[in-house]
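Good morning, colleagues. I should like to take you through the side-chain contacts of one protein, beginning with its cysteines and ending with its charged residues.

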Amino acid sequence: MSLRLIPHLDVIRPADAYETAAAWNCAIRNRAHPTVIVLTRQNVPVLDPASGIMEGVARGAYVLSDAPGGKPDVILIGTGSEVHLALSAQKLLAEQGVAARVVSMPSWERFERQSPTYCDSVLPPALKARVAVEQA
């Protein structure tokens, strides 16, 4: 059974130690929904802590690495350990002249509860070229 089918359950798949700390913070402060934190068994690099991780995890998704000038040709959406694959793909695409935005989306449930303005700022509706990288 998919955890996504359980009503009122927040599932958080952090990408690294910083996102894990933010997920723990969200779980202990969240009185409206039970929370499951799904961790990887892989060794993953640590993200840049200056990228707004605490607020981003609390909102469910955030722009981790934007395209130059904030004008992406494609959005790469990663969750959990796959965020690092999206960051690697962003570099490879840049070498080919393709500007990519990397979005870390540790929790669909939390993201869906955000305002349309916030959701559109992370995933602009006009940009249809999107790739989700998730193994779970």
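For the first topic, one cut-off is needed: a disulfide is a pair of cysteine sulfur atoms within 2.5 Å. Please bear in mind throughout that this is a predicted model.

How many disulfides does that rule give? The count comes to zero. For C26, the closest cysteine sulfur belongs to C119 and lies 15 Å away, which is too far for a bond. C119 is likewise in no disulfide, its nearest cysteine sulfur being that of C26. As to their surroundings, C26 is buried, at 8% relative accessibility. C119 also counts as buried, with a relative accessibility of 16%.

I turn now to the aromatic residues. The structure holds one aromatic pair, formed by F111 and Y118. Is this pair stacked or edge-to-face? The arrangement is edge-to-face, with 65° between the planes and a distance of 6.3 Å from centre to centre. F111 is buried at 5% relative accessibility, and Y118 is buried with a relative accessible area of 15%.

Y118 has a further partner. R59 lies over the face of the Y118 ring, at 4.0 Å from the ring centre. With a relative accessibility of 25%, R59 counts as partly exposed.

R59 brings us to the salt bridges. The count comes to five salt bridges, and I shall discuss some of them. In one of these, the side chain of R59 meets that of E55, at 3.0 Å from N to O. Where do these two residues sit relative to each other? Both belong to helix 2, residues 53-59, and because they are four residues apart there, about one helical turn separates them.

The next salt bridges concern D10. Its partner R110 is reached with the closest N and O atoms 3.5 Å apart. D10 lies in strand 1, residues 10-12, whereas R110 lies in helix 4, residues 108-112, so this pair ties together parts that are 100 residues apart in sequence. Both D10 and R110 are buried.

D10 also forms a salt bridge with R113, at 2.8 Å from N to O. R113 is found in the loop between helix 4 and helix 5, the latter being residues 116-122, and therefore its pairing with D10 in strand 1 ties together parts 103 residues apart in sequence. How accessible are the two partners? D10 is buried, at 0% relative accessibility, while R113 is partly exposed, at 42%. Through shared partners, these salt bridges join D10, R110 and R113 into one network.

My last residue is E19, which has its place in helix 1, residues 17-29. E19 is buried, yet it has no salt bridge. Which side chain of opposite charge is nearest to E19? That side chain is R13, and it is 9.3 Å away. For a salt bridge, the nitrogen and the carboxyl oxygen would have to be within 4 Å. What contact, then, does the side chain of E19 make? The side chain of E19 makes a polar contact with the side chain of Y62, at 2.5 Å.

To recapitulate, the disulfide count is zero, F111 and Y118 form an edge-to-face pair, and D10, R110 and R113 are joined into one salt-bridge network. Buried E19 has no salt bridge, but its side chain is in polar contact with that of Y62. Thank you for your attention.

Note on methods:
Residues numbered from 1 in each chain as written. Predicted model: local features only at pLDDT ≥ 70, side-chain atom pairs only at ≥ 80, totals over all residues. Heavy atoms only, no water. Buried < 20%, exposed > 50% of the residue type's maximum accessible area, 1.4 Å probe, protein only. Phe/Tyr/Trp six-rings, centres within 6.5 Å; stacked < 30°, edge-to-face > 60°. Lys NZ or Arg CZ within 6 Å of the ring centre and 35° of its normal. Lys, Arg positive; Asp, Glu negative; His and termini not counted. Polar contact = N/O pair within 3.5 Å; in protein donor to acceptor, adjacent residues only side chain to side chain.
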